[in-house]
Amino acid sequence: MGLMGYSDAKMTAITNYASSIAKRTINLELVWHNRHNFKDDVDIESWLEIEADIIKSEIAELSKYLEPSPKYGKDWRYEK
C-alpha cells in the first residue's frame, strides 16, 4: 500500500476519473456556448442531460476512490 492508504492503482483511478470529468465538463460548456450554431435536428438538450448524468456518475465513482484504505487511517504510520 502506498503513502497514507493510497496505492498506485488507486491514484491512477483518481487521476483518470478527474481527467475524464474535466474533459466532459469542458465539452459540456463548449456545446452550451455554441448551442445556437447546431442544426435544428440536433437535440442539444438531450445530449446535455445525458452528459450531465455521465459526469454525476463519474463524480460518484471518483468519490469512492478518494477515501484512504481503512487499514491506513490518519495515523497509519504509528500503528503496529
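This report describes the helices, the buried residues and the charged pairs of one protein chain.

**Overall build**

The structure is a predicted model. Its protein chain has 80 residues, of which 19% count as buried. The secondary structure consists of 2 helices and 0 strands. Among contacts in the protein chain with a separation of 6 or more, 71% are between residues 24 or more positions apart. The chain exposes about 6,400 Å², and carbon and sulfur atoms supply 56% of that area.

**The two helices**

Helix α1 covers residues 8-33, and helix α2 covers residues 44-66. For α1, 26 residues at 1.5 Å a residue should span 38 Å; the end C-alpha atoms are 38 Å apart, which agrees. For α2, the 23 residues should span 33 Å at the rise of 1.5 Å a residue, and the end C-alpha atoms are 32 Å apart, which also agrees.

Each helix contributes buried residues. In α1 these are Lys10, Ala13, Ile14, Ile21 and Val31, and the buried residues of α1 pack against α2. In α2 the buried residues are Ile44, Leu48, Glu51, Ile55, Glu58 and Leu62. What covers the buried residues of α2 includes α1.

Ala60, a residue of helix α2, is partly exposed, with a relative accessible area of 39%. Ala60 and Tyr17 are 43 residues apart in sequence, while their C-alpha atoms are 9.9 Å apart in space.

**Salt bridges**

Side chains of opposite charge can pair when their charged atoms come close. In this model the count comes to 3 salt bridges. They are listed below with their nitrogen-to-oxygen distances.

| Residue pair | Distance, N to O |
|---|---|
| Arg24 and Glu51 | 2.6 Å |
| Glu58 and Arg24 | 3.5 Å |
| Lys64 and Glu61 | 2.9 Å |

The side chains of Arg24 and Glu51 meet in a salt bridge. This pair links distant parts of the chain, with Arg24 in helix α1 and Glu51 in helix α2, 27 residues apart. Glu51 is buried, because its relative accessible area of 8% is under the 20% limit. Leaving aside neighbours within four places in sequence, Glu51 is in contact with Arg24 and Leu28.

Arg24 also meets Glu58 in a salt bridge. Here too the pair links distant parts of the chain: Glu58 is in helix α2 and Arg24 is in helix α1, 34 residues apart. Glu58 is buried, with a relative accessible area of 13%, whereas Arg24 is partly exposed at 24%. Arg24, Glu51 and Glu58 are thus linked in a network of salt bridges.

The pair of Lys64 and Glu61 lies within helix α2, where the two residues are 3 residues apart and separated by about one helical turn. Lys64 is exposed, with a relative accessible area of 56%, and Glu61 counts as partly exposed at 26%.

**Aromatic residues**

The structure holds 1 aromatic pair. In addition, Arg35 lies over the face of Trp32, at 3.7 Å from the ring centre.

**Summary**

In this predicted model, the buried residues of α1 pack against α2. Salt bridges join Arg24 to Glu51 and Glu58 in a network, and Lys64 and Glu61 meet in a salt bridge about one helical turn apart in α2.

Note on methods
Residues numbered from 1 in each chain as written. Predicted model: local features only at pLDDT ≥ 70, side-chain atom pairs only at ≥ 80, totals over all residues. Heavy atoms only, no water. Helix = DSSP H or I, 4+ residues; strand = E, 2+ residues; numbered from the N terminus. Buried < 20%, exposed > 50% of the residue type's maximum accessible area, 1.4 Å probe, protein only. Contact = heavy atoms within 4.5 Å. Areas by Shrake-Rupley, 256 points an atom, 1.4 Å probe, with all protein chains shown as cover. Expected span 1.5 Å × (residues − 1). Phe/Tyr/Trp six-rings, centres within 6.5 Å; stacked < 30°, edge-to-face > 60°. Lys NZ or Arg CZ within 6 Å of the ring centre and 35° of its normal. Salt bridge = Lys/Arg side-chain N within 4 Å of Asp/Glu carboxyl O.
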